[in-house]
Amino acid sequence: MKDNKPKVKSISYAKWGYIFIIPFFLVYFIFTFYPQVLTFYNSFFENFRDGLTQIGPRFVGFDNYKALLTPSDSGTIDILKYFGNTIIMWIMGAVPQFVIALLLAVFFTNTRLNIKGQGIMKTVIYMPNLIMASAFSMLFYTLFSNVGPIKPLLVQTGIIDQSFDFFFTTISVRGLVATLNFLMWFGNTTILLMAGIQAIDESLFESARLDGASSTRVFFNITMPLLKPIFVYTFITSMIGGLQMFDVPSVLTNAKGTPNRTVMTVIMYLNNYLGGSNNYGMAGAISVILFIVTAILSIIVFKTIDRDKG
Amino acid sequence: MNKKNKIASIQLTLLRILVYAVIILLCFLCLFFFVMLIINASRTNNQLQRGFTLIPGGHFIYNFKNAFTDSSIQIPRGMVNSFIVAAGSAICTTYFSALTAYGIYVYNFKLKKLAYTFIIAVMMIPTQVSAVGFVQLAYKYGLNNKLWVLIVPSIAAPAVFFYMYQYLKATLPLDIVEASRIDGSSEFVTFNKIVLPIMKPAIAVQMIFSFVAAWNNYFLPALLLTSSDKKTVPIMIAQLRSADYSKFDMGKVYMFILLAILPVIVVYIFLSKSIIKGVTSGSVKG
């Protein structure tokens with residue numbers, strides 16, 4: 001804004017500003033904002049299809065939220081269970097993802113190590129990020145299923161038993177989801193953290209080295225503190241993305257979250273209400289809860305970045 | 001001192017070997033599954049049942065024909081649909097984001113600050129939050145099974161706007177706009193003929209990303225596209241999973257998966273450099 005010198009008399013062009021931004025805002029309000037409002041609105045209504053009969057819409061206040069937070073017959077609160085599943089699977093993938101990305105970023109940017117072939121390595125590790133998640137998951141399913149090629153190999157080498165089924169064991173399905181998420185995202189994180197480290201003033205590393213600081217000390221006392229805003233940003237966006245986990249667990253378990261719904265994520269739960277019975281009320285309530293959680297996380301991001309800037 | 005240096009240099013060499021080993025292992029992990037996919041896509045169902053080998057089966061064309069002419073999973077139809085949605089979204093999202101960014105960056109108007117703040121504020125809202133209302137509206141007005149319903153919303157993409165805005169701030173001298181005004185060009189022509197070419201690198205990068213995102217998108221299309229001639233590729237892949245698996249020709253299944261990811265891989269092979277550059281320039285600046 002400050003670049004606009006007064007002599008430009010930009011005020012006379014003001015209407016063009018409005019004209020240029022109208023398509024964006026028009027589309028945003030019709031196709032995103034209005035549906036969002038409807039989602040909130042729906043969450044206070046009973047509105048679903050039972051076979052061929054349409055139930056509602058009927059105003060029910062907070063009943064949908066109450067229903068979501070009421071324990072089922074087995075004593076578990078489904079939505080909390082699914083949040084738990086989602087977070088567990090996110091952590092299982094994110095921990096190795098961030099550890100390895102951080103290590104790679106530090107190694108790649110270390111001038112003394114002088115790692116060659118970085119271009120091709122980055123190209124290879126980033127590639128899985130662009131692969132269709134549902135196709136990647138389907139590939140994993142075909143490879144790890146009972147008729148796939150990997151199980152016989154593992155049985156032969158004695159690692160697993162013939163009776164073992166990758167898709168009937170909680171830990172292995174969650175493990176496959178986490179592996180897929182790890183593979184798809186560690187390259188992306190590496191590249192982001194690398195850019196963060198490269199933005200740090202090189203002379204800081206130089207002088208630390210001249211003072212005889214060890215690599216570990218340089219890492220903990222210079223790299224990490226200065227990388228923190230970008231690290232937090234990538235970490236929280238990864239968590240927000242993790243909460244929206246859907247394609248991978250859905251395709252791996254055929255939308256069922258098997259075994260025993262231990263792989264069911266929040267969005268799969270939402271999808272079940274939305275796809276099967278068009279239950280806009282319950283789906284709306286789940287969306288609102290997801291929105292609140294995401295909003296809190298986003299505020300944390302902005303706060304952290306702002307504080308470190310100022 | 002000399003000895004100390006020697007030890008340090010040996011340590012460095014050892015560390016270097018270790019680092020290369022780790023990186024090669026990770027690269028292997030990234031490529032292994034795709035190599036397996038390509039090999040398996042070239043083997044017949046019988047060959048596949050005999051277990052895994054590293055030798056391609058030589059029936060690549062056979063599987064390709066089988067997959068392409070399958071009557072229940074119409075993959076060519078799916079690829080055309082996916083392409084329409086992905087290309088349409090990529091064009092809409094980049095052009096209108098650039099236009100909006102330009103509008104807010106270059107002109108001074110009352111609601112400028114508000115418009116900017118609004119877009120940044122809504123950037124983090126997950127798309128799933130609007131999905132419930134969106135699906136409801138689409139069914140209410142009979143717009144499910146219409147591909148354009150998936151394209152038009154991409155006109156308003158806050159994250160792409162933000163990227164374009166940053167790019168303009170870094171690259172567009174306002175003198176150029178002024179000079180073009182003096183030459184008598186209208187504001188709209190200035191944007192299309194002068195500003196867009198300057199923004200080409202940013203547009204190219206965002207086009208690739210939005211194309212890929214739309215090509216891979218599964219959640220919303222699966223809720224809306226129910227008629228078989230409108231389905232996109234990810235929906236068909238998920239359908240493979242829910243079909244009775246034991247009856248399937250596995251060579252064909254691998255070929256379906258390969259066809260689903262191949263277009264993106266081909267694009268990536270040619271444009272990986274600018275794509276990787278785009279990864280960092282898009283998000284870190286914030």
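Reader: How many nonpolar, polar and charged residues are in the lining of the second largest pocket?

Author: In this predicted model, the second largest pocket holds about 740 Å³ of space. Its lining consists of 26 residues, and among the closest to the centre are Val106(A) and Asn110(A). By class, the lining has 14 nonpolar, nine polar and three charged residues.

Reader: Which element gives the largest share of the lining of the second largest pocket?

Author: Two or more lining residues come from each of α3 (78-109), α7 (170-198), α8 (202-210) and α9 (215-243) of chain A, and also from α1 (2-40) of chain B. The largest share is six residues, and the element that gives it is α3(A).

Reader: On which residue is the kink in α1(A) centred?

Author: Helix α1 of chain A covers residues 14-42 and reaches 39 Å from its first C-alpha to its last, close to the expected 42 Å. The helix nevertheless has a kink of about 45°, centred on Phe29(A).

Reader: Why is the pair of Phe136(A) and Phe140(A) stacked, tilted or edge-to-face?

Author: Phe136(A) and Phe140(A) are four residues apart in helix α5 of chain A, and are therefore separated by about one helical turn. Both residues are buried. Their ring centres lie 5.6 Å apart. Planes over 60 degrees apart count as edge-to-face, and these planes stand at 85°, so the pair is edge-to-face.

Reader: How many residues apart are Tyr105(B) and Tyr165(B)?

Author: Tyr105(B) and Tyr165(B) form an edge-to-face pair, with 5.9 Å from centre to centre, and both are buried. Tyr105(B) lies in helix α4 of chain B and Tyr165(B) in helix α8 of chain B, so the pair links distant parts of the chain, 60 residues apart.

Technical notes:
Residues numbered from 1 in each chain as written. Chains lettered and ligands numbered in written order. Predicted model: local features only at pLDDT ≥ 70, side-chain atom pairs only at ≥ 80, totals over all residues. Heavy atoms only, no water. 1 Å grid on protein atoms, 1.4 Å probe; cavity = no way out; pocket = protein on both sides within 12 Å on 5 of 7 lines; lining within 4 Å. Points joined across faces, edges and corners; volume = space filled by probe spheres on them. Nonpolar A, V, L, I, M, F, W, Y, C, P; charged D, E, K, R; others polar. Expected span 1.5 Å × (residues − 1). Bend = angle between axes of the 7 residues up to and from the residue. Phe/Tyr/Trp six-rings, centres within 6.5 Å; stacked < 30°, edge-to-face > 60°. Buried < 20%, exposed > 50% of the residue type's maximum accessible area, 1.4 Å probe, protein only.
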